[in-house]
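Hi everyone, thanks for making time for this. I'd like to walk you through a structure that is new to most of you, so let's put it on the screen.

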Amino acid sequence: MSSTQLQQLVERLLYEGESETLDFKRQQYPFVKATNEEKAEILKDILAFANAWRRSDAYILVGVREVKGGKSTVVGVSEHLEDASLQEFVNSKTQRPVRFSYQACTCEDKSVGVFCIPVQDRPVFLKCDFGGLKKNVVYIRRGTSTAEANPDEITKMGEFDSGVSKSSPELEWFFLNKET
C-alpha cells in the first residue's frame, strides 16, 4: 500500500471505534530488548485479529488514543518496529504462518504505526507456551477485547474456512428400464 493510501486509510479509521477489525494503542509495543511477557502482548493481539470473525482486513493503529463517539487522537510514536523482525518472531511461534504487515505512516504531522491483518485461514495458535500465553489455545478478538476461543468457535472456524456445510447429504435414485 502506498504511503498516500495508508495515510488516507488511517485518517478514515480515526473516525471508527474499536471492534473486531480495529484497535488503537497509545504507545508502541515493547519489542526490542523486551521481556517475553512484554512481547506476548503483540503476539496475542495479532493472533486474536487473525482468528476474529470478520470479512475485511483488521488494523491496529499504534500511536493513537481512542475517543469513544468521536475522532480518535493521534499522539504519535517515537520509534517503529521492523516488519521483518515481527514476521520472524510471530511466525516462529505459530503452527502456521500468520499474514500481517507493519508500516509507518505520518498523520497529522505525527508518526503512527499500522498493523494490517488480512482475513486468513483459521485457527492460528501457538506451538509452545510463550510469555504467559498458552500453546494450542486459540486467542480471538471479540468486540473490543481478546479472549480464548471455546471449542464450538474453533470448530466453526474450520467449517467456515473450509466451506464445509452442515446440510444433510442428498441421495438421488435413478431407475432404468432394462429393456431400453
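Let's begin with Asp23 and Arg141, whose side chains meet in a salt bridge, 3.5 Å from N to O. Please keep in mind that this is a predicted model. The pair ties together distant parts of the chain: Asp23 belongs to strand E1, Arg141 belongs to strand E7 (residues 139-142), and the two positions lie 118 residues apart in numbering.

Are these two residues buried or exposed? Asp23 has a relative accessible area of 4%, so it is buried, because the cut-off for that is under 20%. Arg141 also counts as buried, at 4% relative accessibility.

Now stay with strand E1 and look at Lys25. The side chains of Lys25 and Asp45 form a salt bridge as well, with an N to O distance of 3.3 Å. Here too, distant parts of the chain are linked: Lys25 sits in strand E1 and Asp45 in helix H2 (residues 36-51), 20 residues apart. Asp45 is buried, with 4% relative accessibility.

Which residues join up in a network of salt bridges? They are Asp23, Lys25, Asp45 and Arg141. As general background, side chains of opposite charge can pair when their charged atoms come close.

Let's move on to another pair. Glu153 and Arg142 meet through their side chains in a salt bridge of 2.6 Å, N to O. This one connects helix H4 (residues 151-162), where Glu153 is found, with strand E7, which holds Arg142; the two are 11 residues apart. Glu153 is buried at 15% relative accessible area, whereas Arg142 is partly exposed at 35%.

And how many salt bridges does a search of the whole structure find? The count is 7, and I've picked out a few of them for you today.

Last stop: helix H1, residues 3-13. Its buried residues are Leu6, Leu9, Val10 and Leu13. Why do they end up on the same side of H1? Around the helix axis they cover an arc of only 100°, which means they share one side. The general background is that an α-helix has 3.6 residues a turn, so residues three or four places apart point the same way.

What do the buried residues of H1 pack against? Their partners are four strands by name: E1 (22-25), E2 (58-62), E5 (101-107) and E6 (110-117). That brings us back to strand E1, home of Asp23 and Lys25. Thanks for listening!

Definitions and conventions:
Residues are numbered from 1 along each chain as its sequence is written. This is a predicted model: local features need pLDDT of at least 70, side-chain atom pairs count only at pLDDT 80 or more; totals for chains, interfaces and linings use all residues. Side-chain values use heavy atoms; hydrogens and water are left out. Buried means under 20% relative accessible area, exposed over 50%, partly exposed in between (1.4 Å probe, protein chains only). The arc is that of the directions from the helix axis to the C-beta atoms. Contact means heavy atoms within 4.5 Å. A salt bridge is a side-chain nitrogen of Lys or Arg within 4 Å of a carboxyl oxygen of Asp or Glu.
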